[in-house]
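User: I would like to learn how to read individual features out of a structural model, one at a time. Could you take me through this one, giving the general idea before each case?

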Amino acid sequence: MANGKTHMALGALIGTSNYIIQNKINNQEITFGEIFLTALTSAGIGLIADIIDPPTSPNHRSIGHSLLLNSIILPKIWNFIEDNNNLNFKQKKFYQSLIAAHGSHLALDSTTPRRLPLLV
Ligand SMILES: [Zn+2]
């Protein structure tokens, strides 16, 4: 079972990678501050599933790790962000990077013997 540090590290890696790639594809300049903020926030978001479902036992995974809920909700939030005219390009990519960071937690937990619960 991956521990909190692993989830934070992978969340930071995936979130920051998404942010950099999305900006580079669209020829956007990136500052160190943006990368730092994205990495820091993505690391925290990498823990959200275990904050919702505290890892107090091997069977702790519930709604925060729900395969069905996350596979429905995360793409909807991603698209809501993409279509939101109140956000600029950088804000959209930042928030979508946080979704990617949360997804990294689920991907990592899905490789464990307990995998992810279908619903709760
Ligand atoms: Zn977890």
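User: Let us begin with a single residue: in which helix does Thr-38 lie?

Analyst: Bear in mind throughout that this is a predicted model. Thr-38 belongs to helix H2, and it is buried, because its relative accessible area is 1% and the cut-off for buried is under 20%. Setting aside neighbours within four places in sequence, Thr-38 is in contact with Gly-15, Thr-16, Tyr-19, Phe-94 and Ser-97.

User: How should I read the metal site, and which residues are the protein donors of the zinc ion?

Analyst: One starts from the donor atoms and then turns to the angles between them. Here the zinc ion has as its protein donors Asp-50 through OD, His-65 through NE2, His-105 through NE2 and Asp-109 through OD, at 2.0 to 2.3 Å. Along the chain these donors follow the spacing D-x14-H-x39-H-x3-D. His-105 and Asp-109 both sit in helix H5, residues 89-109, where they are four residues apart, about one turn of the helix. His-105 is buried at a relative accessible area of 0%, and Asp-109 is buried as well, at 2%.

User: Why is the arrangement of the four donor atoms around the zinc ion irregular?

Analyst: The general reference is that ideal angles at a metal are 109.5 degrees for four tetrahedral donors. In this site the angles subtended by the four donor atoms run from 85 to 168°, and the arrangement is therefore irregular. For the tetrahedral label all angles would have to lie between 85 and 135 degrees. A caution applies, since water is not among the atoms and sites may look incomplete.

User: Turning to charged side chains, how many salt bridges does the structure hold?

Analyst: In general, side chains of opposite charge can pair when their charged atoms come close. This structure holds three salt bridges. In one of them Glu-34 pairs with Lys-90, with the closest N and O atoms 2.8 Å apart; because Glu-34 lies in helix H2 and Lys-90 in helix H5, the pair ties together parts that are 56 residues apart in sequence. Another joins Arg-61 to Asp-109, the closest N and O atoms being 3.5 Å apart, and it links distant parts of the chain, with Arg-61 in the loop between helix H3 (48-52) and helix H4 (67-83), and Asp-109 in helix H5, 48 residues away. Arg-61 is buried, with a relative accessible area of 9%, and Asp-109 is also listed as a donor of the zinc ion.

User: Which side chain does Lys-93 meet in a salt bridge?

Analyst: The partner of Lys-93 is Glu-82, at 2.9 Å from N to O. Since Glu-82 lies in helix H4 and Lys-93 in helix H5, this pair ties together parts 11 residues apart in sequence. Glu-82 is partly exposed at 33% relative accessible area, whereas Lys-93 is buried at 5%.

User: Finally, how many aromatic pairs does a search of the whole structure find?

Analyst: Such pairs are read from the distance between ring centres and the angle between planes. The search finds two aromatic pairs. Phe-32 and Phe-36 are stacked, at 6.1 Å centre to centre with 25° between the planes; they are four residues apart in helix H2, and so separated by about one helical turn. Phe-32 is exposed at 65%, while Phe-36 is partly exposed at 49%. The rings of Phe-94 and Tyr-95 have centres 5.5 Å apart and planes at 65°, so that pair is edge-to-face. Phe-94 counts as buried, at 15% relative accessibility, and Tyr-95 as partly exposed, at 37%.

Terms used
Residues are numbered from 1 along each chain as its sequence is written. This is a predicted model: local features need pLDDT of at least 70, side-chain atom pairs count only at pLDDT 80 or more; totals for chains, interfaces and linings use all residues. Side-chain values use heavy atoms; hydrogens and water are left out. Donors are N, O and S atoms within 2.8 Å of the metal (3.2 Å for Na, K and Ca); water is not among the atoms, so sites may look incomplete. Four donors count as tetrahedral if all angles lie between 85 and 135 degrees; four count as square planar and six as octahedral if opposite donors are over 155 degrees apart and all others between 65 and 115; anything else is irregular. Helices (H or I, at least four residues) and strands (E, at least two) are DSSP runs, numbered from the N terminus. Buried means under 20% relative accessible area, exposed over 50%, partly exposed in between (1.4 Å probe, protein chains only). Rings of Phe, Tyr and Trp (its six-membered ring) pair if their centres lie within 6.5 Å; planes under 30 degrees apart count as stacked, over 60 as edge-to-face and the rest as tilted. Contact means heavy atoms within 4.5 Å. A salt bridge is a side-chain nitrogen of Lys or Arg within 4 Å of a carboxyl oxygen of Asp or Glu.
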